[in-house]
Amino acid sequence: MARAPSKKASPKTKAPSPSEPGEDFALRSLQEAHEEQRRFDASVDQMLHFYEQMLLIRRFEERAGQLYGLGLIGGFCHLYIGQEAVAVGLQSALTEGLDSVITGYRDHGHMLAYGIDPKVIMAELTGRQAGISKGKGGSMHMFSTEHRFYGGHGIVGAQVPLGGGLALGHQYRGDGGLCLAYFGDGAANQGQVYETFNMASLWKLPIVFAIENNQYAMGTAVGRSSAETEFYRRGTAFRIPGMDVNGMDVLEVRQAAEIAFDYVREGNGPVLLELNTYRYRGHSMSDPAKYRTREEVQDIREHKDPIEGLKKQLIEAGKSEEELKDIDKRIRSTVSEAADFAENSPEPDASELYTDVLVENY
């Protein structure tokens, strides 16, 4: 049977899209802006504030590790030691009471950087009624709608699409806020992350995706698990500009936040930040971290530690060793008070098992 003559293909006309960036779109524009000025021009008072916040996270997490060893903290516990500059640098640039934050299960440091009371965080870690989630969330599931902090999520990468929803909420309300969604280098290989990238770019959602690349995910070096190890380029296919940031320098993180947040607030859509950082402890308290050498960890501690780096800069700016030691003493006292508060607080009543399970009363 003779084949019907084929119709001549007509050239496709691409319909204009409201989300189409156009000819002026430059994927590397933010990276270039970051390279022009890498570090935030902070005053001495601002540097002192950053120093205190990072030191609070460090001392708090060290104490949490001790309490875990004593059996006062159960379940999983993921410490933030080494990554302090990321949370402090980013969250210091947020607008309090407006912007929202969501993260994974390494969340204590983020809450402390937000200025949340160490007592209620430590009480949550130890499963007490006075905890910020009434002792029912523990280390991995902290939450505070009052501070617009939406977790603390145990499922790897699950916080990213939820962050997209928070950003959509900001856009729908027209409140000018943005969502800061943290996730790690391990979660960066989850499919739901890229579905969210696509939707966020398509709808120009006000969201900053912050990849905390601590090099090892749960225990596998990024070079062994990721085909593209330059994570800030992961948004290229979705026309999301990325920035490569030294996550061990709080002033560089803060400067990157200034650029990224301004871009998002102007209605340009999402930004992807890769914060290259390092965790000194294992993935969780149960991880002996045998996949790396002690020498590697020690080298980072000696040459790239975020707290020691800022301390050196403060001394160069005229602060004395004694002043900085006094700050450390005060913070140690604050952490001790938080630990004592947690240990002396009652556990939740058994009836709490049935509260906060459903939205409505039944």
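Biologist: Let's start with charge: how many Å apart are the mean positions of the positive and negative charges of the protein chain?

Modeller: Keep in mind that this is a predicted model. The protein chain carries 39 positive and 52 negative charges. Take the mean position of each group, and the distance from one mean to the other is 6 Å.

Biologist: How many helices and strands are there in the protein chain?

Modeller: You can follow them along the chain by their labels, such as helix α6 at residues 159-173 or strand β2 at 179-184. Counting through the protein chain gives twelve helices and five strands.

Biologist: What radius of gyration does the protein chain have, and what would a compact globule have?

Modeller: The chain has 362 residues, and a compact globule with that number would have a radius near 21 Å. The value for the protein chain agrees with this. So the pair you asked for is 22 Å for the chain and near 21 Å for the globule.

Biologist: What does the C-alpha trace span along its principal axes?

Modeller: Here we follow the C-alpha trace of the protein chain along each principal axis in turn. The three spans are about 85 × 60 × 45 Å.

Biologist: What share of the contacts in the protein chain, counting those with a separation of 6 or more, comes from residues 24 or more positions apart?

Modeller: One pair that is distant in sequence is L56 and L112, which are 56 residues apart along the chain but 7.7 Å apart in space, C-alpha to C-alpha. The two residues are also in contact. Over the protein chain, the share from residues 24 or more positions apart is 76%.

Biologist: Is L56 buried or exposed?

Modeller: L56 lies in helix α2, residues 44-69. Its contacts beyond four places in sequence are L112, P118, I331 and V335. Buried means under 20% relative accessible area. At 15% relative accessibility, L56 is therefore buried.

Biologist: What is the relative accessible area of H108?

Modeller: H108 sits in helix α4, residues 108-113. Leaving aside neighbours within four places in sequence, its contacts include F60, E61, C77, H78 and L79, and L125, S139 and M142 are also among them. H108 counts as buried, because its relative accessible area is 0%.

Biologist: Which residues does K311 touch, not counting those up to four places away in sequence?

Modeller: K311 lies in helix α11, residues 306-316. It is buried because its relative accessible area is 18%, and the cut-off for buried is under 20%. The residues that K311 touches are Y51, E321 and L324.

Biologist: How many Å reach from the first C-alpha of helix α6 to its last?

Modeller: Helix α6 has 15 residues. Allowing 1.5 Å a residue, the expected reach is 21 Å, and the helix comes close to that. Its reach in the model is 21 Å.

Biologist: What covers the buried residues of α6?

Modeller: The buried residues of α6 are Q159, V160, G163, G164, A167, G169 and H170. Several elements take part in covering them. Those elements include β1, β2, α7 and β3.

Biologist: Which residue just after α6 takes a positive phi?

Modeller: Helix α6 runs over residues 159-173. Just after it, phi takes a value of about 65 degrees. The residue is G174.

Biologist: Which two residues are joined by a cis peptide bond?

Modeller: Look in the loop between α5 and α6, where G152 is placed. Omega at the bond is about 20 degrees. The cis bond joins G151 and G152.

Biologist: Is A289 buried or exposed?

Modeller: A289 is in the loop between β5 and α10. Its phi is near 55 degrees, a positive value in a residue other than glycine. With a relative accessible area of 12%, and thus under the cut-off, A289 is buried.

Biologist: And D356, is that one buried or exposed?

Modeller: D356 also has a positive phi, about 60 degrees, although it is not a glycine. It is found in the segment after α12. Exposed means over 50%, so at 57% relative accessibility D356 counts as exposed.

Biologist: How many Å apart in space are S336 and G267, C-alpha to C-alpha?

Modeller: S336 lies in helix α12 and counts as partly exposed, at 27% relative accessibility. S336 and G267 are 69 residues apart in sequence. In space, their C-alpha distance is 44 Å.

Methods:
Residues are numbered from 1 along each chain as its sequence is written. This is a predicted model: local features need pLDDT of at least 70, side-chain atom pairs count only at pLDDT 80 or more; totals for chains, interfaces and linings use all residues. Side-chain values use heavy atoms; hydrogens and water are left out. Helices (H or I, at least four residues) and strands (E, at least two) are DSSP runs, numbered from the N terminus. The expected span of a helix is 1.5 Å times one less than its number of residues. Buried means under 20% relative accessible area, exposed over 50%, partly exposed in between (1.4 Å probe, protein chains only). Contact means heavy atoms within 4.5 Å. The radius of gyration is taken over C-alpha atoms; the globule rule is 2.2 Å times the number of residues to the power 0.38. Lys and Arg count as positive and Asp and Glu as negative; His and the chain ends are not counted. The place of a charge is taken as NZ of Lys, CZ of Arg, CG of Asp or CD of Glu.
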